[in-house]
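Biologist: Could you please take me through this model? I should like to begin with the charged contacts.
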Amino acid sequence: MQIHVVFVSLTGLIALWWGAAVLEGDPAVLPNPRDVWALIIAETQTGELPRHMAATLRRVGFAFGLAMIFGVLLGIALGVYTQLNRWLGPWVVVLLNVPALVVIVLCYLWIGLNETAAITAVAVNKTAMVAVTIREGVHAFDPKLADMARVFRMGRLKRFRHVTLPQLWPFIASSTRNGLAIIWKIVLVVEFLGRSDGVGFQIHLYFQLFETGYVLAYALSFVALMLVIEYAVIGQIEARAVRWKTLQAR
């Protein structure tokens with residue numbers, strides 16, 4: 001049923017786009033979905049679209065992995081150790097409020113116009129957001145479950161697996177969903193400013209040429225890929241994350 005709802009919803013969005021294109025009447029300003037689809041097919045056949053999408057996806061994957069690893073570790077540490085949270089909490093707030101564009105520019109100035117700077121800039125932007133979410137997850141732990149673990153003398157590994165991790169899963173899933181949605185947008189900005197390939201680079205190129213159709217073709221192709229990841233991967237992770245609550249309710 002969920003898939004049907006998503007399909008109908010997206011179909012409605014495409015119909016709305018088509019209607020707006022007809023009302024505009026100028027393909028140079030707003031091409032209709034059929035014309036954009038033709039551009040996607042043409043760019044795929046030449047190999048340009050897959051090549052640039054692969055470059056963007058690679059950067060998203062590396063930056064997302066780094067942000068999740070460091071963000072989760074930092075969030076757990078801040079949630080568990082109150083004194084550490086008092087000292088490092090303001091740092092996290094600063095990182096949350098520094099504009100992504102500033103971080104990207106500084107990384108390019110300090111590290112250079114290379115892949116390391118691009119991935120570092122994206123990972124730094126997202127790490128603080130993950131840390132805050134995980135910290136709140138730790139603060140929301142049920143103390144009764146911790147008491148139960150002590151009563152049954154569970155070891156640290158078993159306590160982490162059966163008590164801590166199930167309670168933390170919903171917050172990890174939330175960080176994963178939000179992180180992926182934000183990171184790929186930041187990656188496009190990184191590519192727009194200082195990379196020689198990727199979806200952001202192509203959008204920059206066709207922006208300069210005033211080719212609205214190509215801009216939409218590359219942007220929507222990556223959006224479609226993210227939708228597949230959202231419902232086929234992230235949705236499954238989220239379902240697993242909250243499954244223990246369903247079992248508990250029974």
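Biologist: How many salt bridges does a search of the whole structure find?
Modeller: The search finds seven salt bridges, a salt bridge being a side-chain nitrogen of Lys or Arg within 4 Å of a carboxyl oxygen of Asp or Glu. Please note that this is a predicted model, where local features need pLDDT of at least 70, side-chain atom pairs count only at pLDDT 80 or more, and totals for chains, interfaces and linings use all residues. Residues are numbered from 1 along each chain as its sequence is written, and side-chain values use heavy atoms, with hydrogens and water left out.

Biologist: Which side chain meets glutamate 48 in a salt bridge?
Modeller: That of arginine 51, at 3.2 Å from N to O. Because the two are three residues apart in helix 3, about one helical turn separates glutamate 48 and arginine 51. Helices here are DSSP runs (H or I, at least four residues), numbered from the N terminus.

Biologist: Turning to the surface, which residues make the nonpolar patch?
Modeller: Leu101, Val102, Val105, Leu106, Leu109, Trp110, Ile111, Val189, Phe192, Leu193 and Phe207 make this patch of about 1,000 Å². Patch residues have over 30% relative accessible area and no salt bridge, and nonpolar side chains (Val, Leu, Ile, Met, Phe, Trp, Tyr) are joined within 5 Å, like charges within 9 Å. Accessible areas come from the Shrake-Rupley method with a 1.4 Å probe; for residues, only the protein chains shown count as cover.

Biologist: And which helix gives the most to it?
Modeller: Helix 5 does, with seven residues. Leucine 109 lies in helix 5. Helix 5 (100-111) and helix 8 (156-194) each supply at least two residues of the patch.
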